[in-house]
Amino acid sequence: MDSTTEWIVLAAVLAAALLTVAVGLLVRLVRARRALRQAGLPTGPRWVFWGALIYFVLPADLVPDPVYLDDIGVLLLALRSLRAPLSASGADRRNGPA
């Protein structure tokens with residue numbers, strides 16, 4: 001193989017790996033939201049969840065879609081914002097009544 005083909009193959013493998021990470025984070029985001037709703041805990045602003053999903057699906061991104069780093073960042077921020085109420089309520093439970 002010539003060097004151009006090797007670079008194309010490497011870029012395709014990297015893009016596939018990043019897409020796998022992004023889809024994994026998307027699944028974690030959906031599961032976290034579902035678990036929080038089933039537990040009766042607040043899930044934070046709904047626009048964070050739906051905004052992250054729309055950003056992941058829409059083709060208009062800050063970085064072109066073969067590079068999913070921006071999608072991964074948006075999904076991580078949304079996952080963190082969904083889990084913030086969970087950690088806050090867990091801290092309240094551990095401390096007990098004031």
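**A tour along helix α1 and into the core**

Start by selecting Gly40: this residue follows α1, and its phi is positive, near 80 degrees. Keep in mind as you look around that this is a predicted model.

Next, step back along the chain and select α1 itself, residues 3–39. This helix has 37 residues, and from its first C-alpha to its last it reaches 54 Å, close to the 54 Å expected at 1.5 Å a residue.

Now colour the buried positions of α1. You will want Ala15, Leu18, Ala22, Leu25, Leu26, Leu29, Ala32, Arg33 and Leu36.

From there, pick out Leu29. Which residues does Leu29 touch, leaving aside those up to four places away in sequence? Show Phe49, Ala52, Leu75, Ala78, Leu79 and Leu82, and you have them.

Leu29 also leads you into the largest nonpolar core, which has 18 residues. Within this core, Leu29 and Leu75 touch the most other members. To see where the core comes from, select α1, α2 (46–57) and α3 (69–95), the elements that give two or more residues to it. Which element gives the most? That is α1, with 7 residues.

For the last stop, turn to the surface and select Leu19, Val23 and Val27. Together they make a nonpolar surface patch of about 190 Å². Leu19 sits in helix α1. Why does Leu19 count as partly exposed? Its relative accessibility is 34%, and partly exposed covers the range between under 20%, which is buried, and over 50%, which is exposed.

Definitions and conventions:
Residues are numbered from 1 along each chain as its sequence is written. This is a predicted model: local features need pLDDT of at least 70, side-chain atom pairs count only at pLDDT 80 or more; totals for chains, interfaces and linings use all residues. Side-chain values use heavy atoms; hydrogens and water are left out. A nonpolar core is a set of buried Ala, Val, Leu, Ile, Met, Phe, Trp, Tyr and Cys residues joined through side-chain atoms within 4.5 Å. Buried means under 20% relative accessible area, exposed over 50%, partly exposed in between (1.4 Å probe, protein chains only). Helices (H or I, at least four residues) and strands (E, at least two) are DSSP runs, numbered from the N terminus. Contact means heavy atoms within 4.5 Å. The expected span of a helix is 1.5 Å times one less than its number of residues. Patches are made of residues with over 30% relative accessible area and no salt bridge: like charges are joined within 9 Å, nonpolar side chains (Val, Leu, Ile, Met, Phe, Trp, Tyr) within 5 Å. Accessible areas come from the Shrake-Rupley method with a 1.4 Å probe; for residues, only the protein chains shown count as cover. A salt bridge is a side-chain nitrogen of Lys or Arg within 4 Å of a carboxyl oxygen of Asp or Glu.
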